[in-house]
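Got your viewer open and a selection box ready? Here is a tour, one selection at a time.

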Amino acid sequence: MKNKNNIYILGFVFVALLVIAYFVMRDTSGEKKTLKLPEKVFTIDSVSVDKLELERNGKKIAMEKKGGLWNLTEPVLYTANQQFVGSVLSNLKNYKISSIVSDNPNNKDFFGFNDTNVTKISVYQGGALSGQLLIGNAASGPSQSYIKKSDAKEVFLAENFLFNNFVKQDLTEWRDKLIISIPKGSIKSIEFNGEKDSYTVTKDTTEKFYVGKDTVDTSVFEGITNMLQTFSTQNFKDTTLSADVKAAISAKIDWGKITEIKFVKYGNEDSKKFLMIVSGIAQVFEVDENYAKMLIKPRKEILGTK
């Protein structure tokens, strides 16, 4: 009986040694490792972020914060759209990584990480680079995008990371389209020079507007003053024009200071586009014919006699 028990004990020890040998000697090189899911690619303090760079399809823009306001510094110097920059900073601060969708470099094109589609964002805090990430495609869920580190193979699904907040097909969208704001109450007169007639609208001591002795149509003229109060462009034209360039139509507004707005036709004879120049502003703007007609109206329309 004693020998039989010894045989059982030896058999148990042998099996135990086999199990230990299996775990010690096995090859784990081909097994998939479990990666710890990071909360973010990198973290930011949105208040201390003072520079952003975005690169896409060979084009780059840079924005810097000075005096509390964001301005484009590359490729042009111009005021940035503060709301758009704010949305970027909000997403960078508050997004969360929900999963790793791939760690296979061969899948990068599927998630939008190819040369013509990927967007690279570089974030600076206190003048120093604090992090970079790549943005691929928008994902199927609301406010979801695929992102990855610039030097890593893992592709992450990010929540609260809205693709359209970062990716603009036309980089001029990052510029503030508001040109000037002329308060209604400050307007003393507007001199209009149209293609067929020229006239001046003047405010009298009773705060009413006239062309000569004729009262203007209030609703028509209010449309113009409302436009001037938030005077914005449709697009930008990165070119230069001489100050004495001949304008097809123009308006000169006296609101305690003089602001002149000129519309210069360009393109072929059938073109409906204008280059727009606003005095005191170096940037040249681009608008269409309908936009110009909203500001420069015939005398009959201003008087409501058309």
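How many cavities of 30 Å³ or more does a search of the whole structure find? Just one. Keep in mind as you click around that this is a predicted model.

**Stop 1: the cavity**

Select L54, E55, R56, K59, T119, F166, V167, K168, L171 and W174, and you have the lining of the largest cavity. The space inside has a volume of about 50 Å³. Now colour strand β1, residues 49-56: the largest share of that lining, three residues, comes from there. Colour by class next, and the cavity lining splits into five nonpolar, one polar and four charged residues.

**Stop 2: zoom out**

Switch to cartoon view for the whole chain. You should be able to tick off six helices and 20 strands. Of the 306 residues in the chain, 37% are buried. If you like contact maps, take the contacts with a separation of 6 or more: residues 24 or more positions apart account for 59% of them.

**Stop 3: the two cores**

Pick L228, F231, F263 and L295. These are the residues with the most contacts inside the largest nonpolar core, which has 37 residues. Helix α4, residues 218-229, supplies the largest share of this core, with five residues.

Stay on L228 and show what surrounds it. Which residues is L228 in contact with, leaving aside its neighbours within four places in sequence? The list runs I180, S181, I182, I187, I190, I253, I261 and L295.

Another core, of 29 residues, lies apart from that one; L54, W70, V88 and A158 are among its members. You have met L54 already, as part of the cavity lining.

**Stop 4: the nine-stranded sheet**

Go back to the cartoon and look for an open sheet of nine strands with antiparallel pairing. Walk across it in the order β14-β13-β12-β11-β17-β18-β19-β20-β16. Why is one side of β14 and of β16 left without a neighbour in the sheet? β14 (214-215) and β16 (235-237) stand at the edges and have a single partner strand each, so nothing in the sheet flanks the other side.

Zoom in on the β14 end. Its pairing with strand β13, residues 209-211, is antiparallel and runs over two bridges. To see a bridge up close, select V211 and D214: D214 in β14 is the bridge partner of V211.

**Stop 5: the pockets**

Time for surface view. The largest pocket holds about 300 Å³ of space. Its lining has 14 residues, and E195, I249, K293, I296 and P298 are the ones nearest the centre. Highlight helix α5, residues 289-295, for the largest share of this lining, three residues. If you are thinking about electrostatics, the class count for the largest pocket is eight charged, five nonpolar and one polar.

Then move to the second largest pocket, at about 230 Å³. Select K184, G185, K203, E207, K208, F209, T215, V216, T218, F221, E222 and T225 to paint its lining. Which helix gives the most to this lining? α4 does, with four residues, and that is the helix you saw in the largest nonpolar core. By class, this second pocket is lined by five charged, four polar and three nonpolar residues.

Conventions. Residues numbered from 1 in each chain as written. Predicted model: local features only at pLDDT ≥ 70, side-chain atom pairs only at ≥ 80, totals over all residues. Heavy atoms only, no water. 1 Å grid on protein atoms, 1.4 Å probe; cavity = no way out; pocket = protein on both sides within 12 Å on 5 of 7 lines; lining within 4 Å. Points joined across faces, edges and corners; volume = space filled by probe spheres on them. Nonpolar A, V, L, I, M, F, W, Y, C, P; charged D, E, K, R; others polar. Core = buried A, V, L, I, M, F, W, Y, C linked by side-chain atoms within 4.5 Å. Buried < 20%, exposed > 50% of the residue type's maximum accessible area, 1.4 Å probe, protein only. Contact = heavy atoms within 4.5 Å. Pairing = 2+ DSSP bridges.
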